[in-house]
Amino acid sequence: MERPNRNHWGIHLGLIVFTLLAIYPVLWVLALAFSGQQSVGLIDLPKDPSFLERARGVLPWPAHPSLKNFVDVMSEQPFGRWLVNSVIVSLLTTLLGVFLACTAAYAFSRFRFPGRGAGMLAFLVSQMFPGTLMLIPLFIIIVKWLGLGNTYAGLVIVYATTAIPFCVWMLKGYFDTIPIDIEESAVIDGASRQTIFIRIILPLAKPAIAITALFSFMTAWNEFILASVFLEAESMYTAPVGLRFFVGGFSSQWGFFAAGSVIVSLPVVVLFLYLQKYLISGLTAGSVK
Amino acid sequence: MDWAQRLRHTAMLGMGAAAALVLALGGWLQGGADADVAARQREREAVLLTNAVAASLAGADTEAAGVRLAAWRAARPAIESVIVVVGRELVGSTNAADAAPRALRRDEKPLFDLVGALRAAGETNAAEGVTRKRTIEVADKAGVVTVSVPYRVDGRVEGIVQLRLKAPRAAARGGAADTLALAVLAAALGIGALLKVDPTRRFDAGRVLALVALLALVGGHQLQRLGATRQALAASDAAIAQVQADAAALVAKVGGAAPGGAVSAWDTDGFGRPLGLVSAAGEPLAARGAAAPDLRTRFIERGLWAIDALGLGVLLFFVQGGAARTAAALREHADAYGYVAPAMIGMLVLVFFPFLYGIALSFTDTTLFNEATPFGERWIGFDNFVRILGDLDIVKHGAEGTVVNYQNFYWTLMVTVIWTITNVSVGVSFGFVLALALNTDGLRGRPIYRVLLILPWAIPNYITALVWRGMFHPQFGVINQVLQMFGFKPVAWFDGVVSAFMTGLVTNGWLSFPFMMVVILGALQSIPRDMYEAAEVEGATRWQQLRRITLPLLRPTLVPAVVLSVVWTFNMFNIIFLVSGGEPAGANEILITKAYKIAFEQYQYAYAAAYSTVIFAILLVYGYFQTRLTRATESY
């Protein structure tokens, strides 16, 4: 600190080594995806490999780079179908989740009514319910009672409702920052509640709604446990369940898995890197309460 | 004075609403119970008969089988038809038009499929040593119960015996009961109209009278209905016992495997397991026969108590003015409630109800096999919790030396606690060191490092878990390659308790350090630079600056982040489930993956629900202490 322009070579060295270690698994998946083969090893090692041969096997660069895995996973495997399922479920979840969260958050932000405090507290408390405790009753309700196993609807309504509390709290915070004068002048001009909500509040809250929508989308896109419990028919799998299908249990189609993972992760990783600061502030804000 | 005001203090409306509610709920509960009794009797009778027919066919050739089937049909006219299918052949039938034996026709394909399905189910059960596939198919349609059971030759499932039993549903016996209920309701309204409630006082004779009158009216009605249900239950058991006796007599007459053992082997559930309610000779078994009806009505009794309490609550709600206030609030804030309603209803149906249902489930013995039986019959109280928490035999001293029982709750709890502590420590230490490094003044390339180091967090964690599973592959995995590169022996990662634990730790550490790093980096950057400058002027060393300035100022950010990451790690299902799968032998299971496996691999729904309830309780206790602890550190 006494010499602001000094060389940080020690720190750089440490950071570079650690960064390489940290991104190695990512590089490994990429190498596997472009390797054009299904085995979990990047190259076929000879019987008694030397140090260098082993080092080549560890280096995340495919022996024969090819797009075969990507082509095959989309054409030979039903992965395209699973991706479409995931997209449909995630989009419907986003639509439903944003609708439910916006209306509720607006009421919590703008109205003072009996039960407001209790309602908001209930939303918060529900975040503490452990997943597996919900899993069994949800399985019984959705699959056994409502018969919504193997359907989009079953997953969508569950995803949308589980995302509600977080979205409501986040949107309410944003609605609170919109000055109430705007609404009051609109009321004087004779606008109804609905008009105010749709024409004034929603357009003003666009950034927050966008974040909420993305959060709902990512919740549904990345969810694995509920989907694997609700979906039995292979044709209805979502992408996460499908990816596990490639390498879980006794099958080991690592090439398909790697290619599929790259396809599934790419949009989320880009979105995440773009949005991380909002998510982080939302998460830590939630934990302080 | 508007209508909301008028709602206030009217005993009549309160009595009416309360009585209507109690009668409706009670009627629903008892009606359901009565329907259950009737439906189960029909099914039991059909299953019993079919099992008996199948037993009577033992050791009979085609011709003898035909004779025996005809004897059954003649002895019990309620049997509409019996057919025996083996493979693609219709071996026997009571229908003369079927002209058995002959090959199945094209339109009889469903029968052929059924043979395949039941045979597969039987083979699965035999192979796994667990009875988890139904081997008896029951369909109850249009007054005919169709039952298909496996047809065994020398103990092997070769085909099916399918029996159709005419069992007309008893006409809804609503008439008298409904009239009586209406009379009770009218009486409640009438008494309510006569009672005066004083609005200026909180307590008066009118209120007491209203409560007593309501209890007397609905209570009397319920007792009368409960008696009817008890009688129906007893009659049902007696009827089944009679069917068993008749069937045993008939089998003795026409030939076949005579019933042996104390308990009827024919009176079974859908998995072919004896219910144990009737003896082979056809007498209701004293052991359960006497206790069972009691057990079955006890739940209804309890339910009725709860409903009565609810009814009294409703009455009080009306006479104390709660209804009037609610109506006024609803009208005044109609807009607000309209906006909240969609989300609230969704939460109630798919979050709060499942939560409560899960807790209720943990007091039953629900499994895959008995989930169709009435809820009350499955009620076992605290038994599940006693089984989970009361089993203290963690270490077993047996003939093969000392063995740890990995299925024990406390072992899993210990693993979970170690898992949480080690993971959070790893995450915080790596995050902290990296954040300090990235916070160095004038460091070049910081944004690049930051983005690259955040990557592990950005990737969906189920993918991360599967990727590490691949890298830990004992034979071809990269990690063992590196070990061998430097002359070490490859490690069979998933075979040892400690090494399998390490796989989870490494994976979770990898995906959780970026969160800590980002949070700590943010906090570090908000510490004013001049504090360090002042410290340097005072002659403080780097270490002293870290201890006295950095750490105390990090605390407000670090504590919530750690609290959050403890809960995340405690519930980190995906990593354990997908990387090691709790191997070896469930030793590395954490509580939440254990609960999942109990539910969806062993099909012990109720036991898993109890397990989850215990997890929830642990989290609640943790949350309570954590809040107190956070408050304490804040004041520090």
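Let me start with confidence along chain B, since this is a predicted model. Among the elements of chain B, helix α7, residues 286-289, has the lowest mean pLDDT, at 50, while helix α12, residues 409-438, has the highest, at 92. As a general caution, where pLDDT is low, the predicted coordinates should not be read in detail. For chain B as a whole the mean pLDDT is 82, and 92% of its residues reach 70 or more. For the complex, the predictor gives an ipTM of 0.86 and a pTM of 0.73.

On to how the two chains meet. In this model, 74 residues of chain A are in contact with 75 residues of chain B. Which helix of chain A gives the most to the side that touches chain B? That is helix α13 of chain A, residues 254-288, with 15 residues. If you sort the chain A side by residue type, you get 52 nonpolar, 19 polar and three charged residues.

Here is one residue of chain A you can click on: Phe129(A). You will find Phe129(A) in the loop between α5 (116-126) and α6 (131-145) of chain A. Setting aside neighbours within four places in sequence, Phe129(A) is in contact with Met134(A) and also with two residues of chain B, Phe355(B) and Phe616(B). Is Phe129(A) buried or partly exposed? It is partly exposed, because 18 other C-beta atoms lie within 10 Å, and being buried takes 20 or more. Phe129(A) and Ile141(A), twelve residues apart in sequence, are 17 Å apart in space, C-alpha to C-alpha.

Staying with chain A, let's look at its domains. The domain assignment gives domain 1, residues 9-66, and domain 2, residues 77-288. The C-alpha centres of these two domains of chain A lie 36 Å apart. Nine residues of domain 1 of chain A are in contact with nine residues of domain 2. On the domain 1 side, those residues divide into five nonpolar, four polar and no charged.

Now for the cores. The largest nonpolar core has 153 residues, and the members that touch the most other members are Ala101(A), Ala104(A), Val168(A) and Leu171(A). Helix α7 of chain A, residues 152-177, supplies the largest share of this core, 15 residues. Take Leu171(A) as a case: beyond its neighbours within four places in sequence, its contacts are Ala101(A), Cys102(A), Ala105(A), Ala205(A), Ala208(A) and Thr212(A). There is also a second, separate core of 43 residues, and its members include Ala55(B), Val147(B), Val157(B) and Val161(B).

One more helix of chain A deserves a look: α12, residues 239-247. Nine of its nine residues are buried, so α12(A) is largely enclosed by the rest of the structure. The buried residues of α12(A) include Arg244(A), alongside others such as Phe245(A) and Phe246(A).

Let's go over to the sheet in chain B. Six strands form an open sheet in the order β3-β2-β1-β6-β5-β4, with antiparallel pairing. Why do β3 and β4 (137-141) of chain B each have one side without a neighbour in the sheet? They stand at the edges, each with a single partner strand, so one side of each is left free of a neighbour there.

We can walk through some of the pairings. β1(B), residues 79-86, and β2(B) pair in the antiparallel sense over four bridges, and Val85(B) stands opposite Leu90(B) in β2(B). These two strands form a hairpin with two residues between them, and Gly87(B) in the turn has a positive phi of about 60°. Strand β2(B), residues 89-93, is mostly covered, with four of its five residues buried. Two bridges join β2(B) to β3(B), residues 102-103, again antiparallel, and Glu89(B) has Ala103(B) in β3(B) as its bridge partner. Towards the other edge, five bridges join β4(B) to β5(B), residues 144-153, where Thr146(B) is the bridge partner of Ala139(B).

Last, some backbone angles to check. Most residues other than glycine have a negative phi. Asn150(A), in the loop between α6 and α7 of chain A, has a positive phi of about 60° although it is not a glycine. Asn150(A) counts as partly exposed, because it has 15 C-beta neighbours inside 10 Å. In chain B, Tyr603(B) also has a positive phi of about 60°, and Tyr603(B) sits in the loop between α20 (591-600) and α21 (605-635). With 16 C-beta neighbours inside 10 Å, Tyr603(B) counts as partly exposed too.

Notes
Residues are numbered from 1 along each chain as its sequence is written. Chains are lettered from A and ligands numbered from 1 in the order in which they are written. This is a predicted model: local features need pLDDT of at least 70, side-chain atom pairs count only at pLDDT 80 or more; totals for chains, interfaces and linings use all residues. Domain bounds come from an automatic or database domain assignment. Two residues are in contact if their C-beta atoms, placed from the backbone, lie within 7 Å. Ala, Val, Leu, Ile, Met, Phe, Trp, Tyr, Cys and Pro count as nonpolar, Asp, Glu, Lys and Arg as charged, and the others, Gly among them, as polar. A nonpolar core is a set of buried Ala, Val, Leu, Ile, Met, Phe, Trp, Tyr and Cys residues joined through C-beta atoms within 7 Å. A residue is buried if 20 or more other C-beta atoms lie within 10 Å of its own, exposed if 12 or fewer, and partly exposed in between; C-beta atoms are placed from the backbone. pLDDT is the predictor's confidence in each residue, from 0 to 100. Two strands pair if DSSP finds at least two bridges between them.
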